[in-house]
Amino acid sequence: MRDETMTANGPARTVPVRGLTVAALGLVAMAALSVYVWGRLPWVLTLEGGGKDGADASVPKLVLVALFPLLLLGIGAALVLAQPVRERVARATSVPLWRTRETDRRSVDIALSILTLVIVALHAFFLSYASGDQRTGRVVMAAVLALVAVVIGNGLPKVPVPDAAQSDALRLDERPGLDRLVMAARRGQRRAGPVVVVLGLVALVLAFVDPTVSLGTSVLAVVAMGVVAGVVVLRSAIRSTRT
């Protein structure tokens, strides 16, 4: 059996370079935005009714500026360290390792790419709100969430089938029904991809016209993803019961 860290072209990359690069660019973008609006931010932002029992809550400017960059750093560290922890637990407990290093790298790349966009959007939204420019914050939030929908839709057809480690952990060879269900879900993802991309692009255009409608369209893209994939899985299950 070939070692899990090898591919047909040589050693597989186990460091999520793409995801870490996107996260680093996101940190730079948040830092640049923070510097740009620093002089317009109040030293203490008051959130009406944001505290306990409806009381006003106060957020210092430094906390507002540092909150989302620190959140991204924490999430990135947790994602990168998760696989080594899983491997140690699997060795210590003899539990099958259901995710190989290569699979984990791809997953972390995708997760960090998407989460970075969302966190940067939230950072921009709250800084715009605090500086009194609420319109820009809504536009940025709507546009970034639309881009997230496009990224997800583009990636759905590329989601790999379960590798050897996942197949062993799920015992797909012993459970043909589950194997068919997994493959049906994979087909559903492929069919849902183009639908999500189109709705995401529509939401991106609407973000600069009506951010509220754009946000609704992005939500619709996520719902459509589940509906299309669910219909494919349901039809496959019905056919299986008939045969």
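## A tour of the chain, helix by helix

Of the 243 residues in the chain, 33% count as buried (under 20% relative accessible area, with exposed meaning over 50% and partly exposed in between, using a 1.4 Å probe and protein chains only). This is a predicted model, in which local features need pLDDT of at least 70 and side-chain atom pairs count only at pLDDT 80 or more, while totals for chains, interfaces and linings use all residues. Residues are numbered from 1 along each chain as its sequence is written, and side-chain values use heavy atoms, with hydrogens and water left out.

Begin with the whole chain coloured by secondary structure: 7 helices and 4 strands are present, in the order β-β-α-β-β-α-α-α-α-α-α from the N terminus (helices being DSSP runs of H or I with at least four residues, strands runs of E with at least two, numbered from the N terminus).

Next, select residues 61-93, which make up helix α2; its 33 residues reach 47 Å from the first C-alpha to the last, close to the 48 Å expected at 1.5 Å a residue (the expected span is 1.5 Å times one less than the number of residues). Centre on Leu-67, where α2 has a kink of about 35°, shortly before the proline Pro-69 (the bend is the angle between axes fitted to the seven residues ending at a position and the seven starting there). The buried residues of α2 include Leu-64, Val-65, Phe-68 and Pro-69.

From there, move to His-123 in helix α3, residues 101-130. Its relative accessibility is 1%, and therefore His-123 counts as buried. Leaving aside residues up to four places away in sequence, His-123 touches Met-30, Leu-33, Ser-34, Leu-64, Val-65, Phe-68 and Pro-69 (contact means heavy atoms within 4.5 Å).

Staying in α3, select Ile-114, which is buried with a relative accessible area of 17%. Show Val-148, Val-151 and Ile-152 as well, since Ile-114 touches these residues when those up to four places away in sequence are not counted. A distance drawn from Ile-114 to Leu-147 spans 9.0 Å, C-alpha to C-alpha, although the two are 33 residues apart in sequence.

Finally, return to α2 and select Leu-81, which is exposed, with a relative accessible area of 53%. Adding Val-15, Val-17, Leu-20 and Val-80 to Leu-81 completes a nonpolar surface patch with about 390 Å² of accessible area together (areas come from the Shrake-Rupley method with a 1.4 Å probe, and for residues only the protein chains shown count as cover). Patches are made of residues with over 30% relative accessible area and no salt bridge, like charges being joined within 9 Å and nonpolar side chains (Val, Leu, Ile, Met, Phe, Trp, Tyr) within 5 Å; a salt bridge is a side-chain nitrogen of Lys or Arg within 4 Å of a carboxyl oxygen of Asp or Glu.
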